[in-house]
Amino acid sequence: MAYIGPKDFSQDTNLIAEVMRVMSGDLNLEWMKDRPHPMTARPKQARRGLTLDDINDDPHYGPGAIPEIVRHNFSMAPRGSTLSEGLPSLGYRVNRKSDVWADSATVLYEESKSRRWAPAHDVPWAVLDETVFSPEQDRAIRQLCTSLISISLVSADVPSRWVWLMNQEFHEIKYWMCAQMFDASRLAEAFRKRALYGRGALGHDSRELGELLKIVMESETFPLASAALNITLFSFVQSLGRRFESLSSNAADTYLGTRLVQDASRFVAYGVDHIRQLVRTRPAEVEITNDHLDLVENGLIGYLGSRELIEPLIVLSGGVEPVAAFYRKAAEEYFERCAVAGLGERRDRSPLQGFLKLLES
């Protein structure tokens with residue numbers, strides 16, 4: 001049902017009378033006189049232009065003005081503006097700063113724009129016509145691309161599920177999450193084009209990957225969704241990008257692998273910074289987050305062991321041992337990030353350890 005405002009403005013005699021006074025030249029200009037917090041905003045570095053951090057360098061407009069729990073503004077009014085009486089509540093459900101905040105979000109948002117790339121033109125697609133693949137290699141690459149499309153699409157869905165529930169006071173995080181959605185959409189586009197280029201075809205969907213992505217998407221709170229998506233899933237995606245690049249035999253796949261690493265790194269950076277600041281503010285969240293990551297890692301094991309992932313990697317890597325080594329390195333990097341995020345030593349509790357030992361035995 002659509003929202004119905006409390007007043008019929010088309011029949012509001014007071015509003016019509018005010019409009020007629022203005023149209024006759026009677027301007028009161030109160031909005032112009034009331035500027036209680038003027039500031040000066042200039043680029044600190046001309047090369048970078050005017051960044052979000054430049055305009056946040058003020059105690060009234062910057063994030064320092066946001067309380068841990070926002071109770072004063074549930075409207076669309078931008079942070080730092082003068083709040084009029086009677087502003088409607090937009091029903092935000094995420095109103096704790098520590099639930100969303102990461103100081104690095106402004107830089108990551110600026111970076112996502114400055115390092116933009118266009119799959120249509122920037123990937124040297126034509127080199128694929130000159131590269132010789134065996135039929136098995138060709139199908140293995142397209143299978144990996146199929147999984148990356150699924151991951152990317154859900155990675156756009158997850159921030160979209162939460163961004164409209166966040167208070168407007170956290171606008172930098174909203175900007176960043178919109179950038180995440182665009183980054184994820186671009187990755188889905190790029191790997192779909194790679195899967196279908198030339199005489200291509202999509203590969204098989206993976207039930208296990210679907211289970212992992214559902215666990216991530218249905219995380220009960222935004223902090224849990226952030227930890228699952230940005231730290232657990234994208235630590236692996238970043239590693240997979242490096243693997244894709246290292247196995248490449250042509251400039252197009254190398255380009256795709258490097259861009260996957262580049263874009264995934266921003267997800268990881270936000271996730272680590274976000275969870276670190278969350279648990280620093282609310283230490284009780286450590287165990288809650290770790291409990292959730294136990295479930296996410298269980299889902300990740302399913303995907304790592306699925307034929308739709310491990311077999312293409314074995315075909316492209318030339319055996320099982322290189323894949324086991326790749327999984328081990330990816331897991332070790334992930335565990336280190338969890339520790340940096342303040343979650344402690346996950347090696348001691350993670351179900352990944354048993355799975356990796358099985359592969360290595």
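**A252 and its surroundings**

I began with A252 in this predicted model, and I found that A252 is buried, because its relative accessible area is 0% and the cut-off for buried is under 20%. A252 sits in helix α11, which covers residues 251-281. I then looked up what lies against A252 from elsewhere in the chain: setting aside neighbours within four places in sequence, I listed V123, P124, V127 and L128 as its contacts. For V123 I also noted the spacing, since A252 and V123 are 129 residues apart in sequence, yet their C-alpha atoms are 5.6 Å apart in space.

**D122, in helix α5**

Next I went to D122, which I placed in helix α5 (residues 119-122). Is D122 buried, partly exposed or exposed? I recorded D122 as partly exposed, because its relative accessible area is 36%, and that value falls between the 20% and 50% limits. Its contacts, leaving aside neighbours within four places in sequence, are W117 and Y255. The C-alpha atoms of D122 and Y255 are separated by 8.5 Å, with their positions 133 residues apart along the chain.

**The chain as a whole**

I stepped back to the overall make-up and counted 15 helices and 0 strands in the chain. The C-alpha atoms fill a box of roughly 80 × 50 × 50 Å along the principal axes. Of the 361 residues, 48% are buried. I also looked at how contacts are spread along the sequence, and among those between residues at least 6 apart, 77% join residues at least 24 apart.

**The nonpolar core**

How many residues does the largest nonpolar core have? I noted 89 residues, and those with the most contacts inside this core are I173, F191, F236 and Y327. As background I wrote down that nonpolar side chains tend to be buried together in soluble globular proteins. I followed F191 further and found that F191 touches C145, L148, I149, F244, L256 and L260, not counting residues up to four places away in sequence.

**Cysteines**

Since C145 is among the contacts of F191, I checked the cysteines, and a search of the whole structure gave 0 disulfides. C145 is buried, because its relative accessibility is 0%. C178, in turn, counts as partly exposed, because its relative accessible area is 44%.

**Cavities**

I searched for enclosed space and obtained 3 cavities of 30 Å³ or more. The largest cavity holds about 90 Å³ of space. Which residues line the largest cavity? I listed T232, S235, F236, L300, L304, Y327, A330, A331, Y334, L352 and L356. Two names in this lining, F236 and Y327, also stand among the residues with the most contacts inside the largest nonpolar core. By residue class, the lining of the largest cavity divides into 9 nonpolar, 2 polar and no charged residues.

I then sorted the lining by helix, and at least two residues come from each of α10 (222-246), α12 (285-305), α14 (320-340) and α15 (352-360). The most is given by α14, with 4 residues.

**E336 and A341**

While I had α14 in view, I looked up E336, which lies in this helix and is partly exposed, because its relative accessibility is 46%. For a spacing across the model I took E336 and S185, which are 151 residues apart in sequence and 28 Å apart in space, C-alpha to C-alpha.

A341 is placed in the loop between α14 and α15. Is A341 buried or exposed? I entered A341 as buried, because its relative accessible area is 0%. Not counting residues up to four places away in sequence, A341 touches I231, V272, I275, R276 and V279. I also noted that A341 and A228, 113 residues apart along the chain, have C-alpha atoms separated by 13 Å.

**A backbone angle at L29**

My last entry concerns L29, where phi is near 55 degrees, which is a positive value in a residue other than glycine. I located L29 in the loop between α1 (13-23) and α2 (30-33), and I recorded L29 as partly exposed, because its relative accessible area is 30%.

Conventions: Residues numbered from 1 in each chain as written. Predicted model: local features only at pLDDT ≥ 70, side-chain atom pairs only at ≥ 80, totals over all residues. Heavy atoms only, no water. Core = buried A, V, L, I, M, F, W, Y, C linked by side-chain atoms within 4.5 Å. Buried < 20%, exposed > 50% of the residue type's maximum accessible area, 1.4 Å probe, protein only. Contact = heavy atoms within 4.5 Å. Disulfide = S-S within 2.5 Å. 1 Å grid on protein atoms, 1.4 Å probe; cavity = no way out; pocket = protein on both sides within 12 Å on 5 of 7 lines; lining within 4 Å. Points joined across faces, edges and corners; volume = space filled by probe spheres on them. Nonpolar A, V, L, I, M, F, W, Y, C, P; charged D, E, K, R; others polar.
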